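Hi,

Here is the structure I promised to pass on. Have a look at it first, then read my notes below.

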Amino acid sequence: FFFVYPMAGLRLLCVTLILSTLVAVRSQTCATDGSDYSYTETVSGDTRTLVTTFCPNHPYKNINPNYPIKTSTTYTVPAYPKYDTSNTADLTSQGGIVGVLFNGAMLFSPYGGPNYGSVTGYSNSATAAEGDTFDLCGCHASSTTSSSYHCHVPPDCLLQQLNNTAGSHSPQVGWAADGFPVYGPLGPNGIQMFTCTTLGQTYGTDVCTNDEGGYLAELSSVDNFKFRYYTLGTENGGLSCSNPRGSLPNSSFYPNTPTMYYGCCPSGVSCSGSFLSTCGSSAVDGYTASYTPSSSIKYASGLPLNCDACWASGESGTTPSSCSTSSSSPSPSSSPGSRSPSPSSSPTSSQSPGLSDTELEAYQTSKYGMTSFGLDSVPNMGSTERQTLVNAITATETISQSNTTRVYVDIASSSSLSVAAASSGTAVTITDFGTGATKAVVENRAASNAMLSSLGLSNADSLAPSTIIQVMRLDSSGNSISSSQVTLTIPSDGATTMTVYTYNSSSTTGTDITTEGGSVTLSGSDFVVVLPHTSVAS
């Protein structure tokens, strides 16, 4: 046939080859049920070897034209990382993989590609330009022919699976190409990490990162490294069914992933990150005397399938059948800072009265829809989680953490509540929680300019430093109360000014209060009070 009709035969051959190529490419697409996920980690000599398929262990959603591709890949990083300020790696124009996450995804820098240019700030970062294509777990793909599923922001589903808990340091989520660990958004004692520049603080003295998202300090309770990176920003709790991801970290959290690596490639190590500089004479050990590479392996054989994530909103639309017989709780090796999730510690209706600090902290975890500063997450709390919360609150319980106090109120036993500013001690009183509310969660926290800006307040500069008071009210079924009003009263101390902001999922409005001893009524299930620390004459 080919020789009789050469052109027709050639066209048929070309069509056959094209179709075969398409079939081959599509056959490499990551399974939508997570079954293609694979991750192993080993250390030999000076090299840490990560082998993965780059297919996630959680649901994904193809919002842009691309999709995750399965390719078994070996990625090597230094097992003994070196810190070298004279041989850094600039990532502001670095596309592609700059690290590997435990969920099988790649870590990308904030660079969004040549269309946006070298990243100079939030406005031309991948988060700002492409955030509307981040899926429910905070990631997306950028190719249809090669592995590319990656994250530019805190990896939501991974953080949830690893038990990212308010009041505690975030778990490690993966490895940077220079061999240093990468963590979630919370630093020592659960402090929300920002750059020191954003907070107006001093790097090396205060708990904040450098301008590139790195933090130089020895944290013996966390790891045995001297340096590490953070993924900066808010996260959605890992149980969200929203596609795209929904609320994204705003400009105050830039950069969401590192823009520079301070590690280098040591002599004798074959580093997969070809963009790394070779270590020079100024390089110093990036680990403490207690460090051993083997003990730093968290998940030698990877993680179990993340069955708690919202598979119904993934590409498959259904929860994998294997989830009925498996647990999504990983079992990391025993090492500094490693925490194995403990589902049994979650509060249940059988607990009464009184709650331990650990149980109180559990309310604030992403699983229950509230982080230590989780206003965007509160409206997404599901009815089951709200009911669990209601069942567990049997009295007025208080837990204090760094710059934060949370009070869990059984309204039947406490019809009013005095809430003091986290730093100044000035108090407002909730004199009426409103009709229908039976339980409440009240949080007050010393707020920086960045936190105020994250609420969308245009006058954040004039309000900082302040205390932010957040109130969430629930009925007996765990439903959010939004139809009745709550009353706040201001003390008659001759030195108080206050601004009240009503928060909901789409807007923030403010009401100034300057009358001492006066009160204000607020509607809505969730609201915040901004109480400036600066005193004014009466």
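Let's start with valine 77, which counts as buried because its relative accessible area is 0%, and the cut-off for buried is under 20%. One thing to keep in mind throughout: this is a predicted model. Valine 77 belongs to strand E3. If you skip the neighbours within four places in sequence, valine 77 is in contact with Asp46, Thr47, Arg48, Ala176, Ala177 and Gly179. You can also check the C-alpha atoms of valine 77 and valine 43: they are 9.7 Å apart, with the two positions 34 residues apart along the chain.

Valine 98 makes a nice companion. You'll find valine 98 in strand E6, which covers residues 97–101. Is valine 98 buried or exposed? Its relative accessibility is 1%, so valine 98 is buried. Leaving out residues up to four places away in sequence, valine 98 touches Tyr75, Leu91, Leu107, Phe108, Ser109, Ala176, Ala177, Tyr261 and Phe275. Ala176 and Ala177 may ring a bell, since valine 77 is in contact with them. From the C-alpha atom of valine 98 to that of proline 258 the separation is 9.1 Å, although the two residues are 160 residues apart along the chain.

Now for the aromatic rings. Searching the whole structure turns up 20 aromatic pairs. One of them is formed by tyrosine 60 and tyrosine 149, a tilted pair with 6.1 Å from centre to centre and 55° between the planes. That pair links distant parts of the chain, with 89 residues separating its two members. Tyrosine 60 is in the loop between strand E2 (47–52) and strand E3 (73–78), while tyrosine 149 is in the loop between strand E8 (139–140) and strand E9 (150–151). Both tyrosines, 60 and 149, are buried.

There is also an aromatic cluster, with Tyr80, Tyr83, Trp175, Phe180, Phe225, Phe227, Tyr229, Tyr261, Tyr262, Phe275, Tyr287 and Tyr291 as its members. Two of those names, Tyr261 and Phe275, are on the list of residues that valine 98 touches. Tryptophan 175 has something else to show you: the charged end of arginine 48 sits over its ring, 3.8 Å from the ring centre.

Tyrosine 83, another cluster member, takes us to a sheet. Which residue stands opposite tyrosine 83 in E15? Glycine 263 does. Strand E4 (residues 82–83) and E15 run antiparallel and are joined by 2 bridges. They are part of an open sheet of 3 strands, ordered E15-E4-E16 and paired antiparallel. Strand E15 (263–264) and strand E16 (284–285) are the edge strands, so called because each pairs on one side only.

Next, a stop in a loop. Serine 240 lies between strand E13 (227–230) and strand E14 (260–261). With a relative accessible area of 12%, serine 240 still counts as buried. Its side chain reaches the backbone nitrogen of serine 242 at 3.1 Å. Beyond four places in sequence, serine 240 is in contact with Leu136, Arg245 and Cys310.

Finally, the overall picture. The protein has 8 helices and 27 strands. Of its 538 residues, 54% count as buried. The accessible surface is about 20,500 Å², and 49% of that belongs to carbon and sulfur atoms.

Cheers

Key. Residues are numbered from 1 along each chain as its sequence is written. This is a predicted model: local features need pLDDT of at least 70, side-chain atom pairs count only at pLDDT 80 or more; totals for chains, interfaces and linings use all residues. Side-chain values use heavy atoms; hydrogens and water are left out. Rings of Phe, Tyr and Trp (its six-membered ring) pair if their centres lie within 6.5 Å; planes under 30 degrees apart count as stacked, over 60 as edge-to-face and the rest as tilted. Helices (H or I, at least four residues) and strands (E, at least two) are DSSP runs, numbered from the N terminus. Buried means under 20% relative accessible area, exposed over 50%, partly exposed in between (1.4 Å probe, protein chains only). A charge sits over a ring if NZ of Lys or CZ of Arg is within 6 Å of the ring centre and within 35 degrees of the ring normal. Contact means heavy atoms within 4.5 Å. Accessible areas come from the Shrake-Rupley method with a 1.4 Å probe; for residues, only the protein chains shown count as cover. A polar contact is a pair of N or O atoms within 3.5 Å; within protein, one must be able to donate a hydrogen and the other to accept it, and residues adjacent in sequence count only if both atoms are side-chain atoms.
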